[in-house]
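Visitor: I am new to reading protein structures. Could you walk me through this one, one question at a time?

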Amino acid sequence: MSLNGRNPQDSRENEEDNRFRLFFEHAPLYCYMVSPQGIILDVNQAALQALGYSRIELIGKHIRSIYAPECQEKVGEIFQTWKENGSISEEELIIQNKEGHQRTVLLSANAIKDDEGKFLYSISIQKDISERKNIERALLDSELALKKASEEKAVILNCISEHVIYQDNNNRIIWANQAAADSVNLSLDEITGRFCYEIWNQRENPCEGCPVVEARNTGEIQEREMRTPDGRIWFIRGYPLKDEEGNITGCVEVTSDITERTKTEEAYHSLVDQSLQGLFIIQNGRVVFVNPAFLQISGYTEEEILALGPWEIFKIIHTEDQNLPWEQLQNIIQGEPISSSLELRGVLKDGSIRWFQLSLAVIDFQGQQATQATIVDIHDRKVADEAIRRERDQTQMYLDMAGVLFIAVDTLGHITMVNRKATEVFGFTEEELLGKNYFDTCVPENIRDDMKETFRAIMAGEIEPKTFVENAIITKDGDERLISWHSTRLFDNEDNIIGALTTGEDITERRIAEEALKKSEEQFRLLVEDTAEWVWEVNHDFKFTYSNCSVEDILGYTAGQIIGRELWDLMEPAEIDEVKSTFSQLGSQNRSIRSLVNHFFHRDGNTLILETSSRPIFDESNQIIGYRGVCRDITQRMIADESLKQSEARYRALVETSPDAITVTDPEGKITLVNDRAIKLLGYDTIDELIGKSCFEFVVPEDRLKAIENLETTKETGVAKPIQFTLIQKDGLTFPADISASILRGTESEPIGFILVARDITERKEAERELEEAKARAEFFTDLMAHDLSNINQAILSALELQLYDPDVPEPLREQLQVALEQVERSSALIGRVRKFSRIDATQPLLEARDIEPDFQNALNAVKQAFPKKTIRVQTNIHPEKYKILADELLVDLFYNLLHNATKFDRKEKVEIEVNAKQDDNKRFLRIEVTDQGPGISDEMKKLIFARYTRRVGEKAQGSGIGLTLVQRIIRRYGGRIWVENRIENDYSKGAKFVFLLPIWK
């Protein structure tokens, strides 16, 4: 029968398929299966929810259909890359849902191939990063507000003790803080414009090795210690400054006076460098200082010691003694008293072991707490002590030699020495045996006389003792034991025989076992004949000399039919050379062959897969004379395993492609599987370090109860939404993470575990914190500016109005005063808009049902007052109580800025504007169109028109440029959106149409 004809069913394959499907369906990431032609084959629930489509609407469509128009070209390039390489990693793209809303995602994909390397489909995963992108945009907006706080720089820098000096590319001082000026008793004006090396070092040229010059030359931060002519020591850092194009425009020098600290450290280093005791200092687990004596003792270089990781210095201590200094360190950390010193063994670089005396103490090193370790070599003293101890215990060691009988007798056979093992075997105590005749006490009567005569002849020197002999002894209880003896004669200083020394091994149980083995061999032969596996033997030419009957069940041959045939006659020819090589190599090394898999021919011509285990047979000369082996049919198992591998490949591809940490647990929360991202996120090196551990171990104690309750909720509902926890890494560090969970079910739908997906949100949390801080600073400076400038403007307005009321003011001057008055009023309006910006960003909207007609009329009246020389005609279908939306009092500012823009940019004296409103098709939004007949907006400018400070090409600066930005902010505040179109299609020069949607109140 052929391999291809088998259709095995394996429950493991079904289980893996179910795990793959469950993970694919319930993963919080957007997951797709895509054909090599780009057609969507399947999509999970998270992606369907984000896109707003049903599964039927997406399956069969091209993957490009879910991406926004502006990134279609990039999608094509990425798709081509996938077809060439088979994988994509975290490509940033924009997807667009059914309603046109867009989200930013990171795309990762991995191709699944068959055994021939052909692409079957792609597992594609999208990670939604829209929230992070929004935060980045918010941070960018806050940078403008932060620029207004630049005046804080001088106040802050003048309050610090370090010297801060800003220099141009020629080392000329542009700006310095007060500490720098005070250090040379000069004012800031006196040092500005001069060279730093001229002031502090009385030089005409830059100092050699100056870190500021190096920073400017390299473009990287540089630092160095330097001395000035007055004997002071400075720690100098140079920071290069670059413009937007990356060109270096200058450097900032930050200098600290370290004279006293350096002198103290130099005195300390001088003392420890001359010490004969080894010394090193540990700070935060790492060695930060080591003296020459320690390097000489240990054999390591300074670079090797300083490069050690946290607490790795204790690797030089013998493994059996490493707990001793660790206990001392714990006592030091906890403020408990410690012993004066420890004696332990150290392992030198060359591997030799020496005894040392170690002392530990807490010191202050460079302003921080540290542990100082001092070692003294006491090896010679310990070796001498050990030699004395060995000499003292030598006799006892021989007597109590483990597992060996030890007996000494004099020339008459009286026992003079006996060890513990001998007393155990004979059953006598040491006192009962010493002085007794060995033969009369311990030898069976039937051989006693013969042994006495042989012993007499040996003591007389008539015959030499045999080095090895076996005979029986009798115990105190009368039992006989068989002993294997090794004997030698004992001589005095004059070479006279004074007795015999004998060691023996009790071989009674071995002989009993040998007899039992002979009986079991027959039973084994019968067992071999009855086993279902094929047992065989071949000679050195690999011809069969034996086979059991199972060969007929496996290969269709009888045992008699294969005797005399070569092993190779039954095997696949292409595999013979490799199998021969395996037998030859392992046989020469006296090693067994384990689980060798290869193909055999059945008698009917079909091919089978057999698993072979074999070992060589040796003769008395230790030469290989053949092999003995066992074969079992694994054809069905191999087919099932191959099917299982394909299923596992799909599952692994999805898990390993995920950019988030994925963990699978059993029902109790013990980890059974993790992906590479999870291993790295938790700070481990291998998966084996995590398997079997409880997932709750990685949650900080204060979050564990919440984690347990969340897992119980998952059991009830099947899926748990992302919840924020604080996780613990291997090194003890913690980080915030969003964790979502879903239940994993078996083939019978019973819960068999959980799938946990964790996402590190450290960057997001930090960005949120920075954003809040930036908003707070921006709000402070905005309020400060608005308050002070409003007061200033009010004073100017009052002064201008008084001048205009004066009838004696000449007409030309009156016109100039009128212009000035208008500019101050514009300034006040700008301050009002800025404060509105701040209010929009800083407060949550309180929306209510609002009739748009009053706000529209108020805005229109204000615009007409702002342009008294223009005739403004507005056609509108907005009437009282006709349209109500969800909004607040900023609605009037929305209409005012749109009508003001339309009037301002229309150069004609008579301005025509149309304002129309209607409900959208879904009756959820009110669509309002504001159409003007001004110069229009080009397609390029349409993309930028709502960006802050953007003006139309060719327009003079007639305002602050933030009106439309304010409009967009207000509309977003209401949950709507705005865009701009041409009044006349395909001709932007005929006027613009601003279209915006506002939510309807129901």
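Visitor: What share of the residues in the protein is buried?
Guide: Keep in mind as we go that this is a predicted model. A residue counts as buried when its relative accessible area is under 20%. The protein has 1002 residues, and the buried share of them is 41%.

Visitor: How many helices and strands does the protein have?
Guide: Both kinds of element are present, and we will visit a few of each. The full count is 32 helices and 37 strands.

Visitor: Among contacts between residues at least 6 apart in sequence, what share joins residues at least 24 apart?
Guide: Contact here means heavy atoms within 4.5 Å. Of the contacts between residues at least 6 apart in sequence, those joining residues at least 24 apart make up 49%.

Visitor: Let's look at a helix. How far apart are the end C-alpha atoms of H23?
Guide: Helix H23 covers residues 573–588, which is 16 residues. At 1.5 Å a residue it should span 22 Å, and the distance in the model agrees with that: 24 Å.

Visitor: Where do the buried residues of H23 lie as you look down its axis?
Guide: The buried residues are Glu575, Ile576, Val579, Phe583, Leu586 and Gly587. Seen down the axis of H23, they fall within an arc of 120 degrees, so they line one face of the helix. A general rule helps here: an α-helix has 3.6 residues a turn, so residues three or four places apart point the same way. The place you asked for is therefore one face of H23.

Visitor: Which strands do those buried residues pack against?
Guide: While Ala574, Asp577, Glu578 and Ser588 are exposed on the other side of H23, the buried residues have strands as their partners. These strands are S21 (534–539), S23 (593–601), S24 (607–618) and S25 (624–633).

Visitor: Two of those strands have a loop between them. Is Asn622 in that loop buried or exposed?
Guide: Asn622 lies in the loop between S24 and S25. It has a positive phi of about 65 degrees although it is not a glycine. With a relative accessibility of 55%, over the 50% cut-off, Asn622 counts as exposed.

Visitor: What about Glu881: is it buried or exposed?
Guide: Glu881 sits in the loop between strand S32 (871–876) and strand S33 (884–887). Its phi is positive too, near 60 degrees, in a residue other than glycine. At 55% relative accessibility, Glu881 is exposed.

Visitor: And is Asn291 buried or exposed?
Guide: Asn291 is found in the loop between strand S12 (286–290) and helix H12 (292–298). Its side chain reaches the backbone oxygen of Gln277 at 2.9 Å. Its relative accessibility is 0%, so Asn291 is buried.

Visitor: How far apart in space are Pro845 and Asp888?
Guide: Pro845 lies in the loop between helix H28 (811–842) and strand S31 (848–851), and it is partly exposed, with a relative accessible area of 30%. Pro845 and Asp888 are 43 residues apart in sequence. In space, C-alpha to C-alpha, the distance is 7.6 Å.

Visitor: Now the strands. Which strands are the edges of the open sheet with the order S7-S6-S10-S9-S8?
Guide: This sheet has 5 strands, and the pairing is antiparallel. An edge strand pairs on one side only, which here holds for S7 (173–176) and S8 (222–227). Neighbouring strands of the sheet are turned by 25 degrees against each other on average, direction ignored. The edges are S7 and S8.

Visitor: Which residue in S7 stands opposite Tyr166?
Guide: Strand S6 (residues 163–167) is joined to S7 by 3 bridges, and the two run antiparallel. Opposite Tyr166, in S7, stands Trp175.

Visitor: How many residues of strand S5 are buried?
Guide: S5 covers residues 119–128 and pairs in the antiparallel sense with strand S1 (residues 30–34) over 5 bridges. It is also joined to strand S4 (residues 102–113) by 9 bridges, again antiparallel. S5 is largely enclosed by the rest of the structure, because the buried residues number 9 of the 10.

Visitor: Which residue takes a positive phi in the hairpin of S4 and S5?
Guide: In S5, Phe119 is the bridge partner of Lys113. The hairpin has 5 residues between the strands. The residue with a positive phi, near 85 degrees, is Gly117.

Conventions. Residues are numbered from 1 along each chain as its sequence is written. This is a predicted model: local features need pLDDT of at least 70, side-chain atom pairs count only at pLDDT 80 or more; totals for chains, interfaces and linings use all residues. Side-chain values use heavy atoms; hydrogens and water are left out. Helices (H or I, at least four residues) and strands (E, at least two) are DSSP runs, numbered from the N terminus. The expected span of a helix is 1.5 Å times one less than its number of residues. Buried means under 20% relative accessible area, exposed over 50%, partly exposed in between (1.4 Å probe, protein chains only). The arc is that of the directions from the helix axis to the C-beta atoms. Two strands pair if DSSP finds at least two bridges between them. Axes are lines fitted to C-alpha atoms, for helices over the stretch in contact, and angles run from 0 to 180 degrees between N-to-C directions. A polar contact is a pair of N or O atoms within 3.5 Å; within protein, one must be able to donate a hydrogen and the other to accept it, and residues adjacent in sequence count only if both atoms are side-chain atoms.
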